[in-house]
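Colleague: I would like to go through the pockets, the enclosed space and the helix packing of this model. Please give the reasoning before each value.

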Amino acid sequence: MISRRALLIGGLGGLGAFAAAGGTGYALVENDVLPGRVRLAEALGRCGDVPAPPAASTAVRRIAWRSARRRTDVTATVVLPAATTSLRGLPVAVALHGSGGDGASAVRSLALDRYLPDAVAHGGVPPFAIVAVDGGPDTYWHARADGDDPLGMIVDELLPRLRGQGARTGRIGAIGWSMGGYGALVLARRLGASRTAAVVASSPALFASYEDARRTNARSFDGAADFARNDVFHSLDALKGVPIRVDCGTSDPFAPMVRKLRGRIHPEGSMGGGCHDGGFWRPRLPAQLAFLGHHLAGT
């Protein structure tokens, strides 16, 4: 009789032939030799379902401008902690989206407009605002050879605009997912401990080499030198003194590199069962927002 595991593997589009060869294909996928680890994890039930968001919600605001740093139109989606229309007096956490997304899609897909007010109203989290901004679909949140500079846009354009509306931006928080998780670490490296209250990197897209990055996304870096300049592992000292939380699913393709990072900087957070998706990210939002909110309260 064919086991459930063999049946599932056989249905994974291209992996069935390997499964027939004594399970060798399954072992290779498990050890990241073959592509398809996430699809296999999904079939074996290792990826959690995306939970329904909390019932509490708040309206979002948008700030749009022509960005000199990014050379394009940019929109920031502002999530307030309660039914208020003002940023005045609130500390800020900048939210950095993943590859292929934008600020609005991060708010929508992760239901940040529901998790934040719920954390403040029912989780005892000090109020703060989340501002999710457009960084480009595959800039990986660093200055690019074509002149696109999403990090410069945050520092030189977004934060002054928020400060002009009364927000407290002397020390900020940052949270990001996948490409944005990597970007949150790069932003903290640029600002340093004096301007960074706390950082959350959720399943950060970390690569072992430029070749590894290029295989995953050919547009992630401009070349080997660009990768080296922006490799967070080569500049971990710049993160000293910054409270950091890093979470990642054990079935996430970035799990090996995230384990390496966690072993180097010993952040809060954990490796847990799950994949590179909302089924892993949403359940961790309450704890991540509490981490940001309590650190921001002291700014």
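**Pockets, cavity and helix contacts**

Modeller: The largest pocket has a volume of about 280 Å³. The structure is a predicted model. Among the 20 residues lining this pocket, Gly-98, Ser-99, Trp-177, Ser-178 and Trp-281 are the closest to its centre.

Colleague: Which helix gives the most to the lining of the largest pocket?

Modeller: Two helices, α5 (103-110) and α12, each supply at least two residues of that lining. The count for one of them is 4 residues, the most given to the lining, and that helix is α5.

Colleague: By class, how many polar residues are in the lining of the largest pocket?

Modeller: The lining residues of the largest pocket fall into three classes. There are 8 nonpolar residues and 1 charged residue, and the polar residues number 11.

Colleague: Which residues lie nearest the centre of the second largest pocket?

Modeller: The second largest pocket has a volume of about 220 Å³. Helices α9 (210-216) and α11 (255-265) each supply at least two residues of its lining. Of the 10 residues that line this pocket, those nearest its centre are Leu-206, Asp-212, Pro-253, Phe-254 and Met-257.

Colleague: How many residues of the lining of the second largest pocket are nonpolar?

Modeller: The lining of the second largest pocket includes 2 charged residues and 1 polar residue. The nonpolar residues in that lining number 7.

Colleague: What is the volume of space in the largest cavity?

Modeller: Searching the whole structure gives 1 cavity of 30 Å³ or more. Residues lining the largest cavity include Tyr-182, Leu-206, Phe-207, Asn-230 and Asp-231. By class the lining has 8 nonpolar, 1 polar and 1 charged. The space in the largest cavity is about 60 Å³.

Colleague: Is α6 parallel or oblique to α12?

Modeller: Helix α6 (residues 112-122) packs against helix α12 (residues 278-296) at an angle of about 40 degrees, and their axes are 10 Å apart. Because of that angle, α6 relative to α12 is oblique.

Colleague: Is the crossing of α6 and α12 left-handed or right-handed, and which residues of α12 are met?

Modeller: The crossing of α6 and α12 is right-handed. On the α6 side the contact holds Leu-112, Tyr-115, Leu-116 and Ala-119, and on the α12 side it holds Arg-282, Leu-285, Pro-286 and Leu-289. This contact of α6 with α12 has 7 nonpolar residues, no polar ones and 1 charged. To restate both points, the crossing is right-handed, and the α12 residues met are Arg-282, Leu-285, Pro-286 and Leu-289.

Colleague: What is the angle at which α5 and α6 pack?

Modeller: Ala-106, Val-107 and Leu-110 of α5 meet Leu-112, Asp-113 and Tyr-115 of α6. By class that contact has 5 nonpolar, no polar and 1 charged residues. The axes of α5 and α6 are 6 Å apart, and the angle is about 65 degrees.

Colleague: Are α7 and α8 parallel or oblique to each other?

Modeller: Helix α7 (residues 150-164) and helix α8 (residues 179-191) have axes 11 Å apart and pack at an angle of about 50 degrees. With that angle, α7 and α8 are therefore oblique.

Colleague: Which residues of α8 are met by α7?

Modeller: α7 passes α8 in a right-handed crossing. From α7, the contact takes in Leu-151, Gly-152, Ile-154, Val-155 and Asp-156. In α8, the residues met are Gly-183, Val-186, Leu-187, Arg-190 and Leu-191.

Terms used:
Residues numbered from 1 in each chain as written. Predicted model: local features only at pLDDT ≥ 70, side-chain atom pairs only at ≥ 80, totals over all residues. Heavy atoms only, no water. Axes fitted to C-alpha atoms, helices over the stretch in contact; angles between N-to-C directions. Parallel < 35°, antiparallel > 145°, perpendicular 65-115°, else oblique. Left-handed = near helix turned anticlockwise from the far one by under 90°. Contact = heavy atoms within 4.5 Å. Nonpolar A, V, L, I, M, F, W, Y, C, P; charged D, E, K, R; others polar. 1 Å grid on protein atoms, 1.4 Å probe; cavity = no way out; pocket = protein on both sides within 12 Å on 5 of 7 lines; lining within 4 Å. Points joined across faces, edges and corners; volume = space filled by probe spheres on them.
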